[in-house]
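Here is a friendly round of questions and answers about a model with several chains. Have the structure open beside you as you read.

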Amino acid sequence: MKPPAFEYFDPRTPEEAIGLLGEHGDAAKILAGGQSLVPMLNLRLLRPGCLIDINAAAGLSFIEMKGEELAIGARTRQRAIERSALVREKCPLLHEAMPFIAHFQIRNRGTIGGSLSHADPAAELPAVVTALGGTLILRSVRGERAVKADDFHVAYLTTALEPDELLTEIRLPVQAPQTGSAFLEVSRRHGDFALAAVAAWVRLDKNGRCEAAKLVLAGVHGVPFQSAAAQASLIGTTLSPGDAAQASRLIATELDPQSDLHASSDYRRQAARVLAARALEQAASRARMQAQE
Amino acid sequence: MSQRVIRLQVNGQPREGEAPARKLLVDFLREDLGLTGTHVGCEHGVCGACTIVMDGEAVRSCLLFAVQAEGASIATVESLADGERLHALQQSFHECHALQCGFCTPGILMSMLAFLSETPAPTEEQIRVALSGNLCRCTGYQNIVRAVQMAAARMAGK
Amino acid sequence: MRKARYIGINQLRLEDRRLLTGTGKYVADVRFPGMASAAVLRSQEAHARILEIDTSRARALPGVLAVFTARDLGGVGGIPMRLAPREALQKCFQKPLASDRVRYVGEPVALVVAADRYIAEDALELIDVSLDALPPVADLELGRSAGAAVLHASLGGNVAEHIVMRVGDPEGALARAPVRLKERFRIQRHTGIPMETRGLLAAYDRGTDTLSVWGAAKVPHFNRQILADLLGRPETSVRMIETDVGGGFGVRGEFYPEDFLVPWAAIALGRPVQWIEDRLEHMMATNHSREQVHYVEVGVRRDGTIEAMLTRAVHDMGAYVRTNGFVAPERAAAFVPGPYRIRNFLAEVDCVMTTKTPTGSYRGPGRYEAAFVRERTIDLVARELKLDPAEVRRRNFVQPQEMPYNVGTKAFGHDVIYDSGDYPRLFGQALERAGYEALRAEQAEARAKGRFMGIGLAPFVEKTGVGPWETARVRIDGSGAVAIYSGVTSVGQGMETVLAQICAEQLGVPPEKIIVRHGDTAEIPQGAGAYGSRGTVTGGSALWDAAGKVRDKLVRLAAHRMEVSAEELELRDGAVVLPGTDLSMSFRELARAALPGQPMPAGMEPGLDISAYYVVKETAHPYGVHVAVVDVDAELGVVKVRKYLIAYDIGVAVNPMLVEGQLVGGFAQGLGGALLEELVYSDKAQLLTGSFMDYLLPTSVEMPSSVEVLLMQEAPSPHNALGLKGAGEGGTVAVGAAIANAVEDALAPLGIRVTTLPLSPNAIFELIRAARKAG
């Protein structure tokens with residue numbers, strides 16, 4: 001389990017990294033945290049011609065407010081996000097989801113941008129960033145563009161990133177008032193990829209009725225999964241257990257998860273339904289607490 | 001294959017070596033620097049036997065290339081004891097029978113060293129979660145949890 | 001026996017310091033200048049004819065020293081069975097490299113030796129193997145059917161062995177029983193997975209014609225014999241050296257193809273060769289275990305008394321018969337009766353060859369399977385008769401006055417005879433400690449609230465201290481230090497500490513001061529090793545004898561020199577003293593006094609260096625009870641083991657702390673088998689769980705927050721001087737049974753029936769769905 005040989009670059013700036021990407025394109029892989037990439041190299045499942053290690057590139061690791069949005073540099077370690085008071089305050093859903101990602105030693109190296117770019121459908125961050133309505137900033141020698149998280153995840157392990165593009169930043173709308181969120185997951189063991197997970201938030205109007213809701217699931221589809229019908233069904237309701245059950249049934253109806261070693265399609269559908277209902281109830285109760293404050 | 005020179009601090013000492021870019025940090029530590037206390041258990045980041053502390057954080061040395069440690073400050077299990085005197089973690093592991101074959105132990109010690117520096121008074125639940133990134137096949141973890149609790153109390157007493 | 005001073009104390013381990021400070025030496029830590037690194041090309045096909053292997057591109061790669069295929073090995077024979085060889089099984093032995101056919105994914109096809117492992121792996125990718133695919137045999141039950149492809153032509157089919165154990169009149173008693181039940185049970189393929197993979201370093205010294213092999217474990221002496229035979233060398237010219245070992249669990253240390261290939265390559269190339277198995281290799285190359293299907297029939301009276309029990313089973317041997325032979329299937333057959341009086345019993349086991357990784361012993365071989373089958377059956381009986389499962393067990397236990405109790409089954413052709421014990425008493429103690437009645441009350445409350453809580457019971461009897469014999473040598477060296485040379489080995493369980501305690505008891509020297517040597521065949525020419533929970537029982541008994549003889553000699557010699565009576569003397573801290581006086585002779589002085597030519601009592605031979613054998617005539621049978629308490633999230637299928645109790649009577653615990661460590665650690669492995677671990681094959685016999693991403697070992701979070709041990713020492717073994725019984729496997733064997741019983745109990749309101757492991761969320765989901773469909 002030793003990696004194949006590759007050419008190695010460690011650019012000092014994002015510009016230099018983007019330049020190398022432009023030059024090597026498909027033959028290159030970006031090495032960020034390496035917590036998914038290096039295992040694949042050690043297993044010789046990948047043999048990139050070159051690795052562009054962005055760990056020494058300045059300016060890709062930050063957590064700060066940019067206007068109304070929380071901006072996170074793509075190479076920000078997952079652990080820094082987990083520890084960030086700003087993330088906890090502005091995006092409690094993201095904060096809540098962080099400990100579900102593998103183990104702390106992995107989060108010490110793993111980056112938010114790496115996880116999003118790798119786009120494992122059972123990973124937590126793609127679902128959470130989608131649930132939060134995040135925007136991803138992609139840069140190449142051709143320029144910069146912003147892609148909504150909804151559009152970023154294209155298919156299983158596939159994103160909107162062009163071969164010459166680097167994900168540099170993630171922008172997240174902050175949590176609105178009267179909003180509650182929840183993240184729930186079922187996995188074989190603590191720290192494993194999700195058999196099913198759900199990131200949910202709901203916002204109440206002044207009468208305590210749901211005015212906005214979002215539920216995004218991981219582990220049950222090739223990309224983070226959401227059901228417009230389920231979300232719409234919640235609008236105007238009091239988010240009673242019955243309302244939550246109804247919405248989660250809609251999700252289950254639309255879902256057609258893949259079977260794999262760890263769980264069948266039917267199991268995943270049921271887990272998605274159960275977790276969605278539980279997450280909605282938890283998010284609703286948190287939103288009500290918020291409303292009372 | 002082209003070699004790269006790597007300069008770093010290991011266990012408080014400046015060290016230098018040469019390695020091709022693909023050489024894993026754990027192999028560099030073991031083979032080039034002779035620090036065989038860090039073990040290789042799975043080479044895909046799951047078992048935690050190769051865990052070291054790099055720039056203050058516990059990381060898997062099987063998921064890093066040696067070239068990435070250029071300029072870093074690394075601590076391995078060999079740094080823990082002060083001469084004949086065991087570190088509080090080591091002493092607690094000894095007294096609680098928290099190791100059997102000992103193969104996973106260096107990785108666990110380094111994980112717990114980093115964990116306790118951030119969480120000096122952990123609950124049992126916190127210890128179990130922090131420990132879950134290191135696999136042990138001998139002990140069933142129970143005595144490791146006790147040892148970490150004991151070490152935390154001793155380190156706080158200092 | 002004198003009042004024990006060192007036996008029975010929680011002596012902290014002598015091994016710990018080196019292992020805690022990173023100064024232990026595991027095989028990968030032994031490195032020589034000029035050492036080359038080996039890698040093995042393994043078959044990616046489950047079953048195929050080898051048409052051609054072209055190594056030319058690999059050999060041309062810079063840094064590659066050699067590439068070997070079967071053709072280079074000449075006529076080397078198959079790797080023999082270590083235990084109880086039988087003729088039919090010999091037709092299924094594996095050669096170190098496949099020559100004309102591959103029979104499992106992972107089978108060694110070629111060996112690369114290169115400057116380092118990175119280059120060696122590059123070279124593997126440059127070897128071109130052309131294969132002609134043959135039909136795989138993935139399923140053990142299909143494997144014995146008429147249409148299945150035959151793996152070993154000379155066998156004439158895929159059933160390598162048919163084991164039959166018959167007691168009384170099982171068919172007749174079953175037919176006459178008022179209540180009859182039947183069920184099919186399946187135990188999934190899983191295995192030991194030590195945290196250290198296997199590895200070897202071999203160096204050949206042409207000058208002295210000596211081959212040295214580091215990395216031996218478990219059975220270095222047996223392996224020396226196999227290696228010497230395969231190489232056609234005298235045994236004494238082969239030196240096996242046990243390093244620190246990162247866990248064994250039965251799978252590590254057996255003689256595998258690499259155990260021949262690496263030493264052979266070191267001789268062929270004239271330089272040291274190291275091979276360290278990587279995890280990917282380990283998952284497909286190191287023995288698998290446990291895969292069995294049982295068709296059980298049981299006949300009972302309405303009060304729950306068992307009249308007859310029959311199991312017709314199939315055991316998956318994998319592609320070749322490995323060194324352990326048929327230990328697991330035979331033990332499974334022999335231990336299905338367990339602690340119960342079953343006077344009409346039948347076990348038949350077909351040992352079937354399949355195109356999967358060969359299987360061998362894993363901690364509690366056969367007994368984990370047997371306990372699952374037996375204890376699930378008892379619970380089925382209890383449910384059928386609407387009796388408390390504890391009550392059904394009470395009605396069937398072998399009673400203490402029946403000891404020694406002949407089960408009527410056989411292990412290695414010897415009768416299985418339980419040596420001592422009071423099974424009902426320990427069962428009562430376990431239920432009391434677990435608070436069984438209170439748990440049942442709590443369960444009733446939980447059920448009323450719609451929660452699913454379950455309690456599972458699983459009593460068992462173990463077989464420990466297995467043969468054939470063991471050696472120990474005790475020597476007082478010239479400096480007066482005590483050295484032990486033991487034939488047993490350490491796979492991480494704390495053997496050095498336990499041996500030192502036993503020796504300390506005889507010689508009055510603190511264990512910390514005793515030097516313990518083991519596992520180097522140059523230093524210790526004979527030994528048997530570490531398997532079958534035997535180290536303390538057999539190695540300890542041999543040592544007790546040898547150390548006792550040294551003690552007697554020290555005392556007699558001192559008495560002679562001091563001109564006092566031997567009865568008056570005592571051993572204290574490395575000296576023989578006359579209490580109440582300042583008369584004393586240190587071990588150092590006595591070592592000198594024992595040199596040839598010194599004055600000695602009449603008839604005494606010189607030297608303070610005594611060896612002893614312990615020959616196993618009867619094995620020791622500890623017994624125990626596991627109690628599991630689980631909570632099940634029925635919607636998500638998630639099982640949480642809340643509480644677990646292991647009650648175990650091992651006669652005498654030399655070091656209770658280490659015994660508890662064995663039991664709790666053993667439990668964790670059992671838990672893996674119950675909930676998480678499975679080596680899954682596709683119908684093409686491709687291994688699908690080839691890494692730690694898919695093969696799931698328990699972590700600290702899956703463990704219950706308390707595994708309680710009720711360690712009892714009420715029934716010593718009559719078969720050895722100290723009354724010892726082994727502790728290595730009792731924590732593991734009943735876990736699958738207890739947790740399965742608890743899960744079924746938890747979900748009893750839904751009417752599920754647990755017949756397979758592991759109980760993954762998906763499996764629970766399917767069980768509930770099946771019950772709903774049926775109901």
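Q: What is the order of the elements of chain B from the N terminus on?
A: This is a predicted model, and in it the elements of chain B run β-β-α-β-β-β-α-α-α-α from the N terminus on. Counted by type, chain B has five helices and five strands.

Q: What makes the radius of gyration of chain B agree with that of a compact globule?
A: The rule takes 2.2 Å times the number of residues to the power 0.38. With the 158 residues of chain B, that puts a compact globule near 15 Å; chain B has 16 Å, so the two agree. Along the principal axes, the C-alpha atoms of chain B fill a box of roughly 50 × 30 × 25 Å.

Q: How do you know what share of chain B counts as buried?
A: A residue is called buried if 20 or more other C-beta atoms lie within 10 Å of its own. By that test, 65% of the 158 residues of chain B count as buried. As for contacts in chain B between residues at least 6 apart in sequence, 60% join residues at least 24 apart.

Q: How does chain A fare on the radius of gyration of a compact globule?
A: For 293 residues a compact globule would come out near 19 Å, and chain A has 19 Å, so the value agrees. The box filled by the C-alpha atoms of chain A is roughly 60 × 45 × 30 Å along the principal axes. Chain A holds 12 helices and 13 strands, and 59% of its 293 residues count as buried.

Q: Which residues touch the most other members of the largest nonpolar core?
A: They are A:V202, A:L217, A:L280, C:V112, C:C503 and C:I739, in a core of 427 residues. Membership takes a buried residue of a listed nonpolar kind, joined to others through C-beta atoms within 7 Å. Helix α12 (residues 265-292) of chain A gives this core its largest share, 12 residues. Leaving aside neighbours within four places in sequence, the contacts of A:V202 include A:L280, A:A283, A:A284 and A:A287.

Q: What makes β3 and β11 of chain C edge strands?
A: Look at the sheet order in chain C: β3-β5-β1-β12-β9-β10-β11, seven strands in an open sheet with mixed pairing. Strands β3 (64-69) and β11 (238-242) of chain C each pair on one side only, and that makes them the edges. From one strand to the next, the twist averages 20 degrees.

Q: How do you know that β1 and β12 of chain C pair?
A: Pairing calls for at least two bridges. Strand β1 (residues 36-42) and strand β12 (residues 273-276) of chain C have two bridges, in the parallel sense, so by the at-least-two rule they pair. Across from C:A36 you will find C:V273 in β12(C).

Q: Which strands of chain C does helix α4 lie across?
A: Helix α4 (residues 117-124) of chain C lies across β1, β3 and β5 (108-114), at about 30 degrees to β1(C). Helix α7 (residues 220-231) of chain C also packs on the sheet, where it touches β10 (210-216) and β11. The direction of α7 makes about 150 degrees with that of β11(C).

Q: Which element gives the most to the side of chain C that touches chain B?
A: That is α18(C), with seven residues. Overall, 43 residues of chain C are in contact with 44 residues of chain B. By class, the side of chain C has 22 nonpolar, 14 polar and seven charged residues.

Notes
Residues numbered from 1 in each chain as written. Chains lettered and ligands numbered in written order. Predicted model: local features only at pLDDT ≥ 70, side-chain atom pairs only at ≥ 80, totals over all residues. Helix = DSSP H or I, 4+ residues; strand = E, 2+ residues; numbered from the N terminus. Axes fitted to C-alpha atoms, helices over the stretch in contact; angles between N-to-C directions. Contact = placed C-beta atoms within 7 Å. Buried ≥ 20, exposed ≤ 12 C-beta atoms within 10 Å, placed from the backbone. Nonpolar A, V, L, I, M, F, W, Y, C, P; charged D, E, K, R; others polar.
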